[in-house]
Amino acid sequence: MRTILKFSLLIILIGSCQKEDASQQFTLLSPKTTGINFKNLVQETEEFNVLTYGYLYNGGGVSIGDVNNDNLPDIYFTGNMVGSHLYINKGNFEFEEIAKEAGVFAEGLWNTGTTMADVNADGLLDIYICRSAAPSPAKRKNLLFINNGPSAENGRVSFTEKASEYGIDDTGYSTQATFFDYDKDGDLDLYVLNHSTQEYAGFGQITASLKHKNNPAFSDKLYRNDNGTFKDVTETAGLISNVLGFGLGLGVSDINGDGWLDIYISNDYNEQDYLYINKQDGTFTESLENFIGHTSLFSMGSDIADVNNDGYTDIISLDMLPEGNARQKMVSGPDNYDKYQRLVSSGFYNQTMRNMLQLNNEGESFSEIGQLSGISNTDWSWASLFADFDNDGYKDVYITNGYKRDYTNMDFMNFAVQEKLKENKTGKQTAIKELLKNIPSTIEENYTYHNNGDLTFRKVNSDWGLDQKSLSNGAAYADLDNDGDLDLVVNNLEEEAFIYRNNSEKFNQNKFLRIQLKGDDKNTFGIGSKVTVHSGGQILVQELIPSRGYQSSVDYTLVFGLGNAEQVDSLIVQWPNAREQALVNLKAGQTLVIKQKDSKEIQKNERASNPVYFTDVSQDSLVPFIHKENNFNDFKREQLLPHKLSVQGPKIAKGDVNGDGLVDIFIGGAKGSPGELQIQSTDGGFDIERGAFATDSGSEDVGALFFDADNDGDLDLYVVSGGNEYDIDAPELQDRLYMNNGKGGFTKNASSLPQMSVSGSCVTANDFDNDGDQDLFVGGRGLPGQYPRGTRSYILQNDKKGNFKDITAMVSEDLEAPGMVTDAIWTDFNTDSKADLMVVGEFMAIRAFENTGGQLAEITGNSGLTNTQGWWNRIASGDFDNDGDMDYIVGNFGLNSQLKASPDEPVEVYYKDFDGNGSLDPILTSYIMGESYPIFSKDDLLGQLSGLKRKYVNYSDYADQKITDVFTSEELSDAQILKANNFASSYIENLGNNQFKLTDLPTTAQFSPIYGILIRDFNADGNLDVVLAGNFFGNRVKFGRYDANKGVLLLGNGKGGFQSVNTKESGLNIDGEVRDITLVKLRNGKELILFARNNQTMKEYLFQPKQIKK
């Protein structure tokens, strides 16, 4: 009896082990449960391997759709060296494989992407398959399987291959295809994404001439549907055709909100991505550089959807940057700035190796915020899918990754080079198998990110049960069981496909609405339709574009997560033929079938455009100034710099210099270009005066101030000299004071200032000693060639005649060398009618100095500003909470970078002359996944410290090294350390009694470093508002450009709170590196806002308060 009980218990235990685990958001269903056992197998040979065909392990795709019209989504997998499989959904996650029976096995040739569409408009989904790899064009012909429908005899579905008959048996090296109606003639056209081959893949192919070399097999194709047959219109439609295109991602969406579908192409290797804007006449204009500041380098899969519920679609493109430190170090070579610049100057645009999330600025431009959002590092990635997996109303992200032969591994690359050298020396060729054996695999978890609803995402791989390690490629989503949540299907290499059941209903009470569209005429499923749901104050938008992610297409049923909303207030369908229909008060939890025949033609109302705060008048420039930055590569001089220090200008000074009642301006010049005085003329323009400034063109102007230095009633000009391209104590670093003759004529007074040949940053004036004249604080930025050492800053006392004396040591010893100062402001923060001082800088806390009557005593430590070390750039004051004292806006580095700083996990720099060669060695460290590591690659670190070469022979030797591993405790004992624990641009609330509270500004203010701050009541509500601008391009190659700030308008609520205004409403859409902002009143009473940009023209906006309603 006991034996029987034990046996029974064993049976129960075995049975319970075989049950699918439903304890997490997703359950990975076994092949035994689903009947899906498709496995994409690839076999290497001596002749055909990853070294001869680099895309050998790019994998297969998956398309999902109801091919037999039984209201259950079916699944089709493509195989590379194996036949493709079609699985018919039988319900309850049970599937039957029928590919051979149905005629869609497609074996023997290299199948890649797949999509489903009703190509012949008979109401049945057909299957289109892309092919690649084979040298022979005849073996690369893409396939179109026309759906014959269920058999009258047995109800089984079958297909007939007819690509040639329809004219779309494309013979290129195809990755994926998408059907959509680009010309709005009612039928489905076809875009085929093709790729080039190995000979054009290397960095040796960075030459502009190849952009004009064409090979039809490598070029994308656009086929226009002409009454059921397709015509190649690639050339006449304006598409790019060259041998450099390595298309891996294909996205279609109405990018700019004009009602016409646009195209985004992700290109691998050197060629930049393409953004084709639909011109509404059957042609496209490639417009990437007009909309996007930078892209992924090795761009792979992509998706386009609205992630922040503003009604505009955003773009994600994937790359290969790993999340963890060790993997990053194993794929990182030297940070070659010159090589990067050659890429850009050769016409290959700005590209950086990481995932990019391009946030749509209301159809005007994009801000790339992938690092701020937290989705930038997912290793060797393929498919990216935006979808609301938990039905909370926000689209989450699913990303597949993995690669069987990681030939980017630096140790393998070194091994291959050594083998080639050996081969050249001995004449004996290295066996291919030996090379392949030494290429490691990258097998990682796929990544899942939950959308937090605030432009940030949280990694939930493990939380949601999606943490299996795999070699995954194509992926698609669908509501496979019609229960109102999205399930996942993934095509893997060397193991069975993943089928994930979504268990959302077990973990939340979120509601949903399912939409099925029935189109008319030749677009029976309504591809290209846009559905907008208004629910619970949210705007939810989806476009019916099945081809998404990578080599895959999703199901046609649109699932909207509604959060806790019980009903939808309104739903609008905009059909591709410019007709629409609206439904209201819809109950959640249902499936709606919406028919195009019930739609109405959109009435075109000529509405007056809403007024904007700022109107761009740059094309009719009133201020004819171009800043010309001199060409200087800081990284050649200081290999371990985190960023350039030679690109800090231009700054603007303003004032009425000639007493005519009009505001004039001075704009600083870079080395080799004099600053310019621009006198406002009576005709409304500005006249340029260079005069006294031309002789000082050898200096770089980084700060400027008009003030009355000699108490004669006119404005004199102080110009701060700075930059990093000089030697220490170079005469060009001496600041300059130009005296005004009362009529706007300036002469340099060389004897008015003490000797102060330091690289400066800023100047600010106030009668701090209350003796009736203007004294100065002059900030020192640093020592050229000796980052991160600070330099002298100065308190300069005026003798009432414009002669200045350095009294810093007498006033405050703490101000003699306060750090790498970037800005300062005189301000009465304690309302005692005496000018206090606040100073900010790189690796500095926000430092506050109280004027005690002739002395400036630092109160930072007891004021609430202790733990505020950041990379601060600018500070400005205003009473934002209307309590009678000054509060502050402080521009910082921002939160959109690889570098993350917090009190617990600071960014640090250890510096000293570690190798005793007379030069300073700054070792920057930052935290990655809870541990602090040097940010530099092995090549970069050893390039600076050659003595470490014996210690770190292989990249794997260095990959996991912390600063305490690189150097001994003795070597670190006398190293100096600077820390930054806060990179957020911030609002400082003055609490009174020398107490302050720091609060992060809204997320839009964190997109990029902030350099320009303008404070004013812009909406006439009695509360101060803020305009912020910035960006910075001179970074290490691994970091790329910080260019996401297009100009931010923050409206103050009078209580210290701020609301960001979108691009369309503000009117601001600024490209470039803004270094300063100022507002100038023109003769006609209008107000002109000037944005001074590094190495560019001035950006000019008119502000007219009367146009803005309260």
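This passage describes the domain layout, one open sheet and one buried aspartate in a predicted model.

The domain assignment divides the protein chain into four parts, listed here in turn. Domain 1 is assembled from the segments 26–319, 354–406 and 441–506, while domain 2 covers 511–601. Domain 3 comes in two pieces, 614–902 and 980–1103, and domain 4 takes in 907–979. Between the C-alpha centres of domain 2 and domain 3 there is a separation of 50 Å.

Turning to the sheet, four strands are arranged in the order 61-62-67-68, and their pairing is antiparallel. The sheet is open, with strand 61 (874–878) and strand 68 (995–1000) at its edges, each pairing on one side only. On average, and with direction ignored, neighbouring strands here are turned by 25° against each other. For readers who like to follow the pairing residue by residue, strand 61 is a handy place to begin: five bridges join strand 61 in the antiparallel sense to strand 62, which spans residues 887–891. Within this pairing, arginine 874 has glycine 891 of strand 62 as its bridge partner.

A charged residue elsewhere also invites a look. Aspartate 714 sits in the loop that links strand 48 (700–707) to strand 49 (716–722). Aspartate 714 is buried, yet no salt bridge is found for it. Lysine 743 provides the nearest side chain of opposite charge, and this lies 11 Å away. What does the side chain of aspartate 714 reach at 3.1 Å? The partner at that distance is the backbone nitrogen of glycine 742.

Definitions and conventions: Residues are numbered from 1 along each chain as its sequence is written. This is a predicted model: local features need pLDDT of at least 70, side-chain atom pairs count only at pLDDT 80 or more; totals for chains, interfaces and linings use all residues. Side-chain values use heavy atoms; hydrogens and water are left out. Two strands pair if DSSP finds at least two bridges between them. Helices (H or I, at least four residues) and strands (E, at least two) are DSSP runs, numbered from the N terminus. Axes are lines fitted to C-alpha atoms, for helices over the stretch in contact, and angles run from 0 to 180 degrees between N-to-C directions. Domain bounds come from an automatic or database domain assignment. Buried means under 20% relative accessible area, exposed over 50%, partly exposed in between (1.4 Å probe, protein chains only). Lys and Arg count as positive and Asp and Glu as negative; His and the chain ends are not counted. A salt bridge is a side-chain nitrogen of Lys or Arg within 4 Å of a carboxyl oxygen of Asp or Glu. A polar contact is a pair of N or O atoms within 3.5 Å; within protein, one must be able to donate a hydrogen and the other to accept it, and residues adjacent in sequence count only if both atoms are side-chain atoms.
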